[in-house]
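The exercises below are meant to be worked through with the sequence and the model open side by side. Try each task before reading its solution.

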Amino acid sequence: MPANLVNTLNQIMEDGLSRALIHHTTQDDHLNGRTITLNKEELLNFGSCAYLGIEHHPSLKQGVVDAVTRFGTQFSSSRTYASLGLYEELEERLMQLFGKPTIVTASTTLGHLATIPIIVEEGDAVILDMQVHNSVQMAIQLLKAEGIPITLIKHNDMDMLEQKILQLQSKHRKVWFFADGVYSMYGDYAPLDRLVSLMNKYDCFHLYIDDAHGMSWTGKNGCGYVRSQIDHHPKMVLAGSLNKSFASAGGMIVFPTPEMAQKVRNCGGTLIFCGPIQPPMLGAAVASVKLHMSDQIIAYQKRLKELIQYTNDRIRQMGLPQFVETDSPLFFIPVGLPKITREIIQRMLNDGVYVNAASFPATPMKRGGVRFMINGNMFKKDIDHLVESLAYHYPRVLAETGSSPKKVAKTFGIPIFHLPHCAGSSSTDWEEQPTDKLRMYLNRHITEIEAAEWDYHMSAKGNFNHSHLRLVESVFTKQTKAENNWDFQYVRIKDQAGETILSTFYTVALIKDDMFAPAAVSIQIEEERKRDPYYLNSTCVILGSMITKGNHLFLNREHPLWKEALNMLIKQMQQTVEQSGATQLMLREFEKDQDEELKAFLLDLGLTELSVPSSCTMDQLTWQSQEEYLQRLGGKYRYNVRKEILPFLSQFELSTEKPKTELEIRECYQLYCQVHQKAFAFNVHRLPYDYFEKICRHPNYDIVRLYKKEEVPSGVSRKAVGVMFSYLEKKQYQAMIVGLDYDYVRSHHTYKQMLYHTVMRARALSSTHLDLAFTAELEKKKVGARPVPMVAFVQVMDFFNHASVASYGCRKGLLAGTKT
């Protein structure tokens with residue numbers, strides 16, 4: 001898990017801990033399957049996945065007693081060496097239940113880890129439903145190192161799945177699709193009829209389906225949701241759980257052939273190296289299978305089915321939404337941001353009802369909700385209490401947090417719903433009342449704002465003074481290429497006295513989803529873009545623009561209303577996201593770990609921290625000589641400069657005169673294009689030529705060119721081998737764009753020379769601060785720069801493209817990166 005995701009998840013979990021919403025420990029002397037005691041309060045337990053409610057069945061308890069009496073508390077041996085006889089009995093009975101070879105594993109997760117790396121072989125390809133369970137995705141990660149191509153489809157999108165099969169079938173022996181029977185967060189089903197049709201249609205297509213949440217409560221003898229709908233296809237592998245509704249322990253994998261089962265038994269890593277299910281729970285599992293094979297199970301299934309139907313009826317009566325209504329015992333009520341979900345759950349706890357939060361990272365940040373399960377130990381009066389508590393608090397918390405039924409419906413793509421039980425209003429669209437303390441000014445063009453006012457707050461913060469933004473607007477509007485056609489929005493927020501609290505601008509632009517991905521991943525994705533130039537591109541609402549750098553957000557933190565002002569900005573950007581059809585919102589650039597208060601505030605608004613390339617900077621550019629400069633470097637870096645840079649200086653000439661002719665500007669642009677073609681570590685769209693044409697005439701740009709000293713024929717212009725475009729304002733020097741002739745990079749270290757000359761140029765112009773921008777940290781450290789870790793704050797509306805980028809790995813024979 002990436003470090004930034006770990007940190008964000010930890011922050012969310014810590015907040016849940018502080019509210020006593022997670023990491024509970026029951027305080028009951030005895031459990032009845034209906035209630036639990038937490039923090040000395042008895043609660044109706046709607047958090048249990050023991051759907052049938054048979055965990056107290058006398059035969060299962062007796063199975064535990066008999067097993068522990070006969071075999072003790074454990075049998076400690078790898079199953080490769082020896083298994084307790086109960087294993088053989090259990091697998092034989094499960095084979096009778098499913099009619100196919102079955103292997104029992106210590107857990108469903110360990111079953112995936114044993115099976116998937118064995119059945120997916122070299123030459124195969126893998127497709128994942130983007131919502132397939134995390135335990136399956138974890139096992140899939142093992143395939144990346146083997147060079148198995150992995151791709152994703154949007155959730156339950158069978159048309160997209162068929163397109164992927166068609167793309168992969170000519171190159172791969174088997175194409176495996178991984179899905180859930182019943183999805184664990186939203187409770188919806190896999191489209192099994194379409195999957196069977198695809199297996200019948202394409203010889204290469206195979207299905208691996210995890211029905212852990214579908215077992216026991218439905219199907220003949222509790223065979224589960226999948227097998228209740230379809231036969232066991234010859235190209236299907238089925239995973240299930242002996243926990244949850246089966247009320248024992250372990251997992252199981254049901255195979256189409258004995259040969260495949262035996263291969264997994266022989267070679268599955270967790271079957272060889274992990275411990276077994278211990279005797280007491282093996283005894284419970286055997287007893288549970290016996291119960292399932294008897295007619296008794298029918299009454300348990302019937303009772304649960306009636307409770308599920310009753311719950312659906314009551315939810316409908318109260319006007320509450322569901323992501324999808326099914327006949328499964330797993331329910332999901334759409335809410336939105338984690339903080340809204342947490343507040344609803346906290347209030348329901350106070351009412352004596354225990355439910356779960358389904359939220360980030362199990363769901364997208366803005367698509368969390370209240371998750372609860374119905375089990376056979378509950379009564380209809382318990383369900384009444386649950387639904388009435390939810391119906392009371394749901395609309396009130398939405399209104400208090402600035403959400404509404406209309407916003408929820410739009411976020412989840414579900415029909416508009418009404419909440420008639422909200423006191424005082426039946427509206428679907430409760431909007432927050434605008435504050436009379438703040439006023440927001442919005443402009444589409446920088447020319448609509450006085451230059452003096454804009455530059456007062458923004459000119460020294462980066463390369464976005466009034467003059468440069470006029471240039472940027474003139475280039476990046478009305479372009480034919482989508483990636484160079486941006487929408488601009490300028491935002492100023494003032495208090496009643498007219499004092500500016502916040503000033504910034506943002507753009508709507510098409511970006512590459514792998515912009516911050518490892519270089520090796522971008523190399524693979526660029527191969528796909530040779531066929532489809534806009535593969536894995538998304539529209540983003542981004543603070544600043546793709547060609548500006550610096551602190552884009554002026555925010556007066558001393559003002560008592562700064563949080564309200566920032567909240568107004570985020571809401572305005574979110575509105576732009578909806579209007580433009582963008583899939584993500586991004587605030588940049590912020591120094592990492594320097595503002596925990598801001599980080600927590602943005603997380604509450606649904607923005608998660610994302611690590612981005614460090615900014616390499618230098619201050620105190622006050623040396624008086626080259627030797628003094630060298631002495632300020634560390635010994636190792638001083639040695640590098642003397643070995644790799646200084647010996648080559650005499651072979652080149654430096655020009656600080658701006659390019660004037662089209663020939664000169666074209667030459668600089670071609671040098672930039674050479675770098676862009678190899679710059680996978682920060683993968684962005686190529687800038688258009690007319691941008692370079694205009695910055696060559698802009699007074700804030702300083703342009704340094706490097707020429708090889710060599711005789712050229714009369715009448716032939718000398719050729720530049722390097723160029724650096726930098727922006728200078730108020731002694732702040734920003735190196736923005738580099739161009740290089742790669743014929744000289746390795747032999748003459750011209751990139752390192754350009755960095756060295758940029759440092760010296762900043763000093764010569766009396767700059768007090770130098771920013772050498774992103775990437776190539778080691779080379780920049782050699783000339784004295786200090787990497788400053790940076791982050792962005794991101795809200796992703798559609799995770800599909802990001803999940804697709806994450807599915808790429810360092811495949812066999814591919815270098816882990818490329819030098820830029």
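**Exercise 1.** Which residue in S16 does Val-491 stand opposite?

*Solution.* Bear in mind throughout that the model is a predicted one. Begin with the two strands concerned, S15 (residues 487-495) and S16, which run antiparallel and are joined by 8 bridges. Next, follow the pairing from Val-491 across to S16, where the residue that stands opposite is Thr-504. Finally, turn to the connection: the hairpin of S15 and S16 has 4 residues between the strands, and in this hairpin Gly-498 takes a positive phi near 90°.

**Exercise 2.** Find the strands other than S15 with which S16 pairs, and decide how far S16 is covered.

*Solution.* Take strand S17 (residues 537-543) to start with, which runs antiparallel to S16 and is joined to it by 7 bridges; within this pairing, Ile-511 stands opposite Ser-538. Then consider strand S18 (residues 554-555), whose pairing with S16 is also in the antiparallel sense and extends over 2 bridges, with Leu-555 as the bridge partner of Leu-502. As a last step, examine the covering of S16 (residues 500-512), a strand that is mostly covered, since 13 of its 13 residues are buried.

**Exercise 3.** Is Gln-753 buried or exposed, and what surrounds this residue?

*Solution.* First locate Gln-753, which belongs to helix H27 (residues 750-764). Its relative accessible area is 0%, and because buried means under 20%, Gln-753 counts as buried. Now look for a polar partner of the side chain: one of its polar atoms lies 3.0 Å from the backbone oxygen of His-748. To complete the surroundings, leave aside the neighbours within four places in sequence; the residues in contact with Gln-753 are then Ile-645, Phe-648, Leu-649, Phe-652, Leu-706 and, once again, His-748.

**Exercise 4.** How many residues does the largest nonpolar core have, and which of them have the most contacts inside it?

*Solution.* The largest nonpolar core has 141 residues, and those with the most contacts inside it are Phe-46, Val-126, Leu-161, Phe-177, Phe-178, Phe-372 and Tyr-394. Ask next which element supplies the largest share of this core: helix H14 (residues 380-400) does, with 8 residues. Then take Phe-46 as an example, which, when residues up to four places away in sequence are not counted, touches several others, including Val-353, Tyr-354, Phe-372, Met-378, Ile-383 and Leu-386. Apart from this largest core lies another core, of 38 residues, among them Leu-471, Tyr-490, Phe-725 and Ile-737.

Terms used: Residues are numbered from 1 along each chain as its sequence is written. This is a predicted model: local features need pLDDT of at least 70, side-chain atom pairs count only at pLDDT 80 or more; totals for chains, interfaces and linings use all residues. Side-chain values use heavy atoms; hydrogens and water are left out. Buried means under 20% relative accessible area, exposed over 50%, partly exposed in between (1.4 Å probe, protein chains only). A polar contact is a pair of N or O atoms within 3.5 Å; within protein, one must be able to donate a hydrogen and the other to accept it, and residues adjacent in sequence count only if both atoms are side-chain atoms. Contact means heavy atoms within 4.5 Å. A nonpolar core is a set of buried Ala, Val, Leu, Ile, Met, Phe, Trp, Tyr and Cys residues joined through side-chain atoms within 4.5 Å. Two strands pair if DSSP finds at least two bridges between them.
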